[in-house]
Amino acid sequence: MTFSQFLKRLRDARLSRFDRAAFALLIAFAVVLAGKGWLDAHPEHNPWAPLDLRDPMGWATDRKIAALRDDVAECRAVLERSDVEFAALSPAGEGSCARPDRTVVDGLPLSPATPPTTCAVAAAFEMWLRRSVEPAAETILESPIARIEHYGAFSCRRMYDRDDAPWSEHATGNAIDIAGFVLEDGRRVTVLGDWDGEGDEARFLREIRDGACKPFGTVLSPDYNAAHRDHFHLDQAARGFGGVCR
Ligand SMILES: [Zn+2]
């Protein structure tokens, strides 16, 4: 019996109103159960599942990571749950450059050495590295990453160093600027030198720029403006309508 035959038979059967209601309820219950089973198997799509940075990036990932920027305790719990070793440094700075949350993840391939950032930036960076940068390096460039070159995280300044501009996310260590990648086979891929073009290096950079947009609130690349021609700016500012990703 096909499904349409089944439906026809159901229509022809003289079901009471109560039978129909009970049947509809049964179907609804089955759909809910199937949905729950699917969500249990895909925590990255489940808004209620605890965030684990080792999970793939899914529909619920950006909302869950965004919630960490105002909740340092929960953010550190996420790092622990995800088996990420880190140090919480003592607060520093004052005023617009006060940094109550200075988190340093151990063992990252950053060069110079990993700078303290907010926990939310550290968590997003961890997920970006594991779920975007490393897989893209393996599949597109066919080499693991040896080093990631950066221009720093903390800088007590306003945006674009203009006196009338809002404070930069760098002023609180809530951002990091990524300039290039050194592969284990010795190649060096830089935003400045390799963004333009059709080659694998350009494809890799575009892939990981897009990959940063779920975990980070703001992603600015050479596509955004000339000030970002040589680095990706990644930060955890409050996300506007979907955040900025360019
Ligand atoms: Zn920046």
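This is a short tutorial dialogue on reading a predicted model of a protein chain with a zinc ion.

Me: Let's begin with the metal. Which residues coordinate the zinc ion?

Reply: Happy to start there, and please keep in mind that the model is predicted. The zinc ion is held by His170 through NE2, by Asp177 through two OD entries, and by His233 through ND1, at 2.0 to 2.8 Å. Along the sequence, these donor residues follow the spacing H-x6-D-x55-H.

Me: How do I read the geometry of the zinc site, and what is it called here?

Reply: The general idea is to compare the angles with ideal ones: 109.5 degrees for four tetrahedral donors, and 90 or 180 degrees for six octahedral ones. In this model the four donor atoms make angles of 51 to 160° at the zinc ion, and the site is irregular. Four donors count as tetrahedral if all angles lie between 85 and 135 degrees, so a set running from 51 to 160° does not qualify.

Me: Are His170 and Asp177 buried or exposed?

Reply: His170 and Asp177 are both buried.

Me: What does the side chain of Ser168 reach?

Reply: The side chain of Ser168 reaches the backbone nitrogen of His170 at 2.8 Å, and His170 is one of the zinc donors. Ser168 sits in the loop between strand 4 (145–152) and strand 5 (175–183). Leaving out residues up to four places away in sequence, Ser168 touches Arg157, Arg158 and Met159.

Me: Why does Ser168 count as buried?

Reply: Burial is a matter of relative accessible area, with buried meaning under 20%. Ser168 has 7%, so this serine counts as buried.

Me: That loop seems worth a second look. What is notable about the phi of Tyr160?

Reply: Tyr160 has a positive phi of about 55°, although this residue is not a glycine. Asp161 also has a positive phi, of about 60°, and is not a glycine either. Tyr160 lies in the loop between strand 4 and strand 5, and so does Asp161. As for accessibility, Tyr160 is partly exposed at 37%, while Asp161 is exposed at 60%.

Me: On the backbone theme, which residues does a cis peptide bond join?

Reply: Look at Ser111 and Pro112: the peptide bond between them is cis, with omega about -5°. Pro112 belongs to the loop between strand 3 (110–111) and helix 5 (119–141).

Me: Now for charged pairs. How many salt bridges does the structure hold?

Reply: There are 15 salt bridges in the structure. When reading one, look at the distance between N and O, then at how accessible each partner is. Asp185 and Arg187, for example, meet through their side chains at 2.8 Å, N to O. Asp185 is partly exposed at 43%, and Arg187 is partly exposed at 30%.

Me: Where do Arg203 and Asp200 lie?

Reply: Both are in helix 7 (residues 200–211), three residues apart, about one turn of the helix. They form a salt bridge in which the closest N and O atoms are 3.5 Å apart. Arg203 is partly exposed, with 46% relative accessible area, and Asp200 is partly exposed too, with 36%.

Me: Is Arg209 buried or exposed?

Reply: Arg209 is buried, with a relative accessible area of 9%. The salt-bridge partner of Arg209 is Asp210, with closest N and O atoms 2.8 Å apart, and Asp210 is partly exposed at 46%. Elsewhere, salt bridges with shared partners join Asp52, Arg54 and Asp83 into one network.

Me: Which residues is Ser221 in contact with?

Reply: Setting aside neighbours within four places in sequence, Ser221 is in contact with Trp195, Arg209, His228, His231, Phe232 and Arg246. Ser221 lies in the loop between strand 7 (218–220) and strand 8 (232–235) and is buried, with a relative accessible area of 0%.

Me: To finish, let's zoom out. What does the domain assignment give for the chain?

Reply: The domain assignment gives domain 1 (3–41) and domain 2 (54–245). Their C-alpha centres lie 47 Å apart.

Terms used. Residues are numbered from 1 along each chain as its sequence is written. This is a predicted model: local features need pLDDT of at least 70, side-chain atom pairs count only at pLDDT 80 or more; totals for chains, interfaces and linings use all residues. Side-chain values use heavy atoms; hydrogens and water are left out. Donors are N, O and S atoms within 2.8 Å of the metal (3.2 Å for Na, K and Ca); water is not among the atoms, so sites may look incomplete. Four donors count as tetrahedral if all angles lie between 85 and 135 degrees; four count as square planar and six as octahedral if opposite donors are over 155 degrees apart and all others between 65 and 115; anything else is irregular. Buried means under 20% relative accessible area, exposed over 50%, partly exposed in between (1.4 Å probe, protein chains only). Helices (H or I, at least four residues) and strands (E, at least two) are DSSP runs, numbered from the N terminus. A polar contact is a pair of N or O atoms within 3.5 Å; within protein, one must be able to donate a hydrogen and the other to accept it, and residues adjacent in sequence count only if both atoms are side-chain atoms. Contact means heavy atoms within 4.5 Å. A salt bridge is a side-chain nitrogen of Lys or Arg within 4 Å of a carboxyl oxygen of Asp or Glu. Domain bounds come from an automatic or database domain assignment.
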